[in-house]
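The following exercises are to be worked with the sequence and the three-dimensional structure at hand. Each task is followed by a solution in steps.

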Amino acid sequence: MNRAPIRAGLSGFTLIEVLVVLGITSLVATILMQALYQTYNVQERFGVQLVRSQRAAMTEDWFRQAIEGLQATRDDDPNRFLGTPQHLHGVSIAAVSERYGAPEPIDFTLEFSPDTASTALVLHRGDARTTLFDWPGKNGGFIYLDAKGDRHEQWPPELENLNQLPSAVLLRMTRDGEPWLLFAMPKGGLQVLRPQQGTVMLGATP
């Protein structure tokens, strides 16, 4: 029986060569997978941070619009504007609700949570409460500016005959570890509108 002659110079890979190639391939694949995983983590963290920033900007704008929509009311109105360092309420035409554009009571409080060691801006509507945004620490408070730019810790200030609404409301808070002020100016008129002497209001009894 004749056998085909083995051609000289032709041979396959040795076991050692195959193992070396497999080792290099595995090493390269591991490096690529680690780089891909790190890239994915960076994108995920960036996405979460972006969503948080967008949400914070949106809720801060809600608060600012509600303050800008404040309206002066009668002095005997139970919803007339009152403010302290931790609480304010009044009537706004830009409340965070489905009745946007109609006068509606607004009620904001600053509440500190020992569990999370953070302070939150909370919107109250009846028995419902909504946290708009929060920040680390117990620092925070409302500040009220009069027409001269003087700051007050409550509104209306005691022993001062000022407008029913402040010229501006500041929310003192913390952002990214730094002090931050959120500024809003009521645009609905600062004083109660009263009829001039000798005029009759519609619906009133002469």
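A residue counts as buried when its relative accessible area is under 20%, as exposed when that value is over 50%, and as partly exposed in between. The model is predicted.

**Exercise 1.** Determine whether H152 is buried or exposed, and identify the polar partner of its side chain.

*Solution.*
Step 1. Locate the residue: H152 belongs to strand 8.
Step 2. Apply the cut-off. The relative accessibility of H152 is 12%, so the residue is classed as buried.
Step 3. Search for polar partners. The side chain of H152 makes a polar contact of 2.8 Å with the side chain of D146.
Step 4. List the surroundings. When neighbours within four places in sequence are set aside, H152 contacts I143, Y144, D146, P157, E160 and L162.

**Exercise 2.** Establish the strand order of the open sheet that contains strand 8, and state which strands stand at its edges.

*Solution.*
Step 1. Read the order. The open sheet has four strands, arranged 8-7-9-10 with antiparallel pairing.
Step 2. Find the edges. Strand 8 (151-152) and strand 10 each have a single partner strand, so one side of each has no neighbour in the sheet.
Step 3. Examine the pairing of strand 7 with strand 9. Strand 7 (residues 141-145) pairs with strand 9 in the antiparallel sense through five bridges. Y144 lies opposite V169 of strand 9.
Step 4. Examine the pairing of strand 9 with strand 10. These antiparallel strands are joined by seven bridges. Among the partners in strand 10, F183 is matched with L170, and L182 with L171.
Step 5. Inspect the turn. Two residues separate the strands in the hairpin of strand 9 and strand 10, and D176 adopts a positive phi near 55 degrees there.
Step 6. Assess the burial of strand 9. Of its eight residues, six are buried, so strand 9 is largely enclosed by the rest of the structure.

**Exercise 3.** How many salt bridges does a search of the whole structure find? Explain what the pairs R175–E60 and E68–K187 tie together.

*Solution.*
Step 1. Recall the principle. Side chains of opposite charge can pair when their charged atoms come close.
Step 2. Count. The search of the whole structure yields five salt bridges.
Step 3. Take the pair R175 and E60. Their side chains form a salt bridge with an N to O distance of 2.4 Å. Because R175 is in strand 9 (residues 168-175) and E60 is in helix 1 (residues 15-68), this pair ties together parts that are 115 residues apart in sequence. R175 is partly exposed at 27% relative accessibility, whereas E60 is buried at 7%.
Step 4. Take the pair E68 and K187. Their salt bridge has an N to O distance of 3.9 Å, which is accepted under the cut-off of 4 Å. E68 lies in helix 1 and K187 in the segment after strand 10 (178-184), so this pair ties together parts that are 119 residues apart in sequence. E68 is partly exposed at 24%, and K187 is exposed at 63%.
Step 5. Add the pair D76 and R74. The side chains of D76 and R74 form a salt bridge at 3.1 Å, N to O. D76 and R74 are both exposed.

**Exercise 4.** Describe the surroundings of S92 and name the backbone oxygens that its side chain approaches.

*Solution.*
Step 1. Locate the residue: S92 is part of strand 3 (residues 87-92).
Step 2. Classify it. With 0% relative accessibility, S92 is buried.
Step 3. Identify the backbone oxygens. The side chain of S92 reaches the backbone oxygen of A66 at 2.8 Å. A polar atom of the S92 side chain lies 3.4 Å from the backbone oxygen of G69.
Step 4. Compare sequence with space. S92 and L70 are 22 residues apart along the chain, and their C-alpha atoms are separated by 4.1 Å.
Step 5. Complete the list. Apart from neighbours within four places in sequence, S92 is in contact with Q65, A66, G69, L70, A102, P103, E104 and I106.

**Exercise 5.** Which residues make the nonpolar surface patch of about 560 Å²?

*Solution.*
Step 1. Name the members: F13, L15, V18, L19 and L22 make this patch.
Step 2. Examine one of them. L15 is placed in helix 1. Its relative accessible area is 64%, so L15 is classed as exposed.

Methods: Residues are numbered from 1 along each chain as its sequence is written. This is a predicted model: local features need pLDDT of at least 70, side-chain atom pairs count only at pLDDT 80 or more; totals for chains, interfaces and linings use all residues. Side-chain values use heavy atoms; hydrogens and water are left out. Buried means under 20% relative accessible area, exposed over 50%, partly exposed in between (1.4 Å probe, protein chains only). Two strands pair if DSSP finds at least two bridges between them. A polar contact is a pair of N or O atoms within 3.5 Å; within protein, one must be able to donate a hydrogen and the other to accept it, and residues adjacent in sequence count only if both atoms are side-chain atoms. Contact means heavy atoms within 4.5 Å. Patches are made of residues with over 30% relative accessible area and no salt bridge: like charges are joined within 9 Å, nonpolar side chains (Val, Leu, Ile, Met, Phe, Trp, Tyr) within 5 Å. Accessible areas come from the Shrake-Rupley method with a 1.4 Å probe; for residues, only the protein chains shown count as cover.
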